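Work through the exercises below with the sequence and the model side by side. Try each task before reading its solution.

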Amino acid sequence: MPRRHRLQTEEPAPPPRPPRAEAPLWALVPGADVRRVAGEKPYRCPGCEHEIRPGTWHLVVVPHDDVEARRHWHEGCWRIELNRTRGRPDRAT
Ligand SMILES: [Zn+2]
């Protein structure tokens, strides 16, 4: 019997996930649609300049007025970005 990766019988396979889900409340921003997605291709995160691997859950931020300007972010990078922009009021609203 060939040795293969041990089947982890104690952990059932994860159920199939929906292709997109609601983003956490902290991630939402006015003027854009924020979703949690797991894509089938890699994306470049503008926060850290690293790749978001296919199948990795991350956030996609889609501006309402320009859906072509959507960006894919690591969740942690988006959190940092929000903290950065909120701490720097460059828009007086
Ligand atoms: Zn990142």
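## Exercise 1: strand pairing

Task: find how many bridges join strand β2 to β5, and in which direction the two strands run.

Solution. Strand β2 covers residues 32-38, and seven bridges join it to β5. The two run antiparallel. Pairing here requires that DSSP finds at least two bridges between two strands. Take one partner pair: Ala 32 is bridged to Pro 63 in β5. Now turn to strand β6, residues 71-73. Three bridges join β5 to β6, again antiparallel. In that pairing, Val 60 stands opposite His 72 of β6.

A note on the model. This is a predicted model: local features need pLDDT of at least 70, side-chain atom pairs count only at pLDDT 80 or more, and totals for chains, interfaces and linings use all residues. Residues are numbered from 1 along each chain as its sequence is written.

## Exercise 2: the chain as a whole

Task: state the order of helix and strands along the sequence.

Solution. Count the elements: the chain has one helix and six strands. Both are DSSP runs numbered from the N terminus (helices: H or I, at least four residues; strands: E, at least two). Read them in order and the pattern is β-β-β-β-β-β-α. Next, check the contacts, meaning residue pairs with C-beta atoms, placed from the backbone, within 7 Å. Of the contacts with a separation of 6 or more, 39% link residues 24 or more positions apart.

## Exercise 3: the core

Task: list the residues of the largest nonpolar core and name the strand that gives the most to it.

Solution. Start with the terms. A residue is buried if 20 or more other C-beta atoms lie within 10 Å of its own, exposed if 12 or fewer, and partly exposed in between, with C-beta atoms placed from the backbone. A nonpolar core is a set of buried Ala, Val, Leu, Ile, Met, Phe, Trp, Tyr and Cys residues joined through C-beta atoms within 7 Å. Of the 93 residues in the chain, 11% count as buried. The largest core has seven residues: Cys 45, Ile 52, Leu 59, Val 60, Val 61, Trp 73 and Trp 78. Strand β5, residues 57-63, gives the most, with three residues. In soluble globular proteins, nonpolar side chains tend to be buried together. Look at Trp 78: beyond its neighbours within four places in sequence, it contacts Ala 27, Gly 47, Leu 59 and Trp 73.

## Exercise 4: buried or exposed?

Task: classify Val 34, Glu 22, Arg 53 and Glu 49 by their C-beta neighbours.

Solution. Val 34 sits in strand β2. Val 34 is partly exposed because it has 18 C-beta neighbours inside 10 Å. Outside four places in sequence, its contacts include Ala 23, Leu 59 and Val 61. Its C-alpha is 9.7 Å from that of Arg 71, 37 residues away along the chain.

Glu 22 belongs to strand β1, residues 20-22. Glu 22 has 10 C-beta neighbours inside 10 Å, so it counts as exposed. Its C-alpha lies 8.8 Å from that of Val 37, 15 residues apart in sequence.

Arg 53 is in the loop between β4 (51-52) and β5. Arg 53 has 12 C-beta neighbours inside 10 Å, so it is exposed. Arg 53 and Gly 39 are 14 residues apart along the chain, with 8.2 Å between their C-alpha atoms.

Glu 49 lies in the loop between β3 (43-44) and β4. Glu 49 is exposed because 8 other C-beta atoms lie within 10 Å. Its phi is positive, about 65°, although Glu 49 is not a glycine.

Notes:
Contact = placed C-beta atoms within 7 Å.
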